Amino acid sequence: TSGLHQEFGGPIYTGVYDATYSGPRNTVDEVYDQVISDLTTAISMMSNNPPINKGYLSKTAAHLILSRVYLTRGKPGDYQLSIDHANQLINS
């Protein structure tokens, strides 16, 4: 949240797994945006049923992670989104 060193995010690669990939680093904002996009998409595709086994996340776990991502990023409106996802956890 300091605004310093925002260019030092991690590389984002959404293609087929490639162990030799060594692409450029994305900005911190781009990494947060990708994480939020992935979790939001996952939540929309998940059912409310418990996962098949421990190797899969539940919808509840995805809401928990997304809540913490919004809390950590801290942009305007993110704290309310964090509260909204936390409330979904409490009410489930």
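## Salt bridges

A salt bridge is a side-chain nitrogen of Lys or Arg within 4 Å of a carboxyl oxygen of Asp or Glu. In this predicted model, Asp33, Arg73 and Asp78 are linked in a network of such bridges. In the whole structure, a search finds 3 salt bridges.

One of the links in the network joins the side chains of aspartate 33 and arginine 73, with 3.0 Å from N to O. This pair connects distant parts of the chain, since aspartate 33 lies in helix H1 and arginine 73 in helix H2, 40 residues apart. Arginine 73 also meets aspartate 78 through its side chain, and here the N to O distance is 2.7 Å. Side chains of opposite charge can pair when their charged atoms come close.

## Exposure of the charged residues

Is arginine 73 buried or exposed? The cut-off for buried is under 20% relative accessible area; arginine 73 has 15% relative accessibility and therefore counts as buried. Aspartate 78 is buried as well. Aspartate 33, in contrast, counts as partly exposed because its relative accessibility is 42%, and the range for that class runs between the 20% and 50% limits.

A further salt bridge is formed by aspartate 29 and lysine 75, whose closest N and O atoms are 3.5 Å apart. This pair, too, links distant parts of the chain: aspartate 29 belongs to helix H1 (residues 28–45), while lysine 75 sits in the loop between H2 and H3, and 46 residues separate them. Both partners count as partly exposed, aspartate 29 at 33% relative accessibility and lysine 75 at 34%.

## The nonpolar core

Which residues make up the largest nonpolar core? The core has 7 residues in all: Ile36, Leu39, Ile43, Ala62, Leu66, Val69 and Tyr70. H1 and H2 each supply at least two residues of this core. The largest share, 4 residues, comes from H2.

Isoleucine 36 is one of the core residues. Leaving aside residues up to four places away in sequence, isoleucine 36 touches Leu66, Val69, Tyr70 and Arg73. Of these contacts, Leu66, Val69 and Tyr70 are listed in the core, while Arg73 takes part in the salt-bridge network with Asp33 and Asp78.

## Helix H3 and its buried side

Helix H3 covers residues 78–91, which is 14 residues. At 1.5 Å a residue the helix should span 20 Å, and its end C-alpha atoms are 20 Å apart, so the expected and computed spans agree.

Which residues of H3 are buried? They are Asp78, Ser82 and His85. These residues cover an arc of only 70° around the axis, so they lie on the same side of H3. An α-helix has 3.6 residues a turn, so residues three or four places apart point the same way. On the other side of H3, Ile90 and Asn91 are exposed.

## Where H2 meets H3

Helix H2 (59–73) is included in what covers the buried residues of H3. Serine 67 is located in H2. With a relative accessibility of 6%, serine 67 counts as buried. Not counting residues up to four places away in sequence, serine 67 touches Ser82, His85 and Ala86. Ser82 and His85 are among the buried residues of H3. Asp78, another buried residue of H3, meets arginine 73 in a salt bridge.

Notes
Residues are numbered from 1 along each chain as its sequence is written. This is a predicted model: local features need pLDDT of at least 70, side-chain atom pairs count only at pLDDT 80 or more; totals for chains, interfaces and linings use all residues. Side-chain values use heavy atoms; hydrogens and water are left out. The expected span of a helix is 1.5 Å times one less than its number of residues. Buried means under 20% relative accessible area, exposed over 50%, partly exposed in between (1.4 Å probe, protein chains only). The arc is that of the directions from the helix axis to the C-beta atoms. Contact means heavy atoms within 4.5 Å. A nonpolar core is a set of buried Ala, Val, Leu, Ile, Met, Phe, Trp, Tyr and Cys residues joined through side-chain atoms within 4.5 Å.
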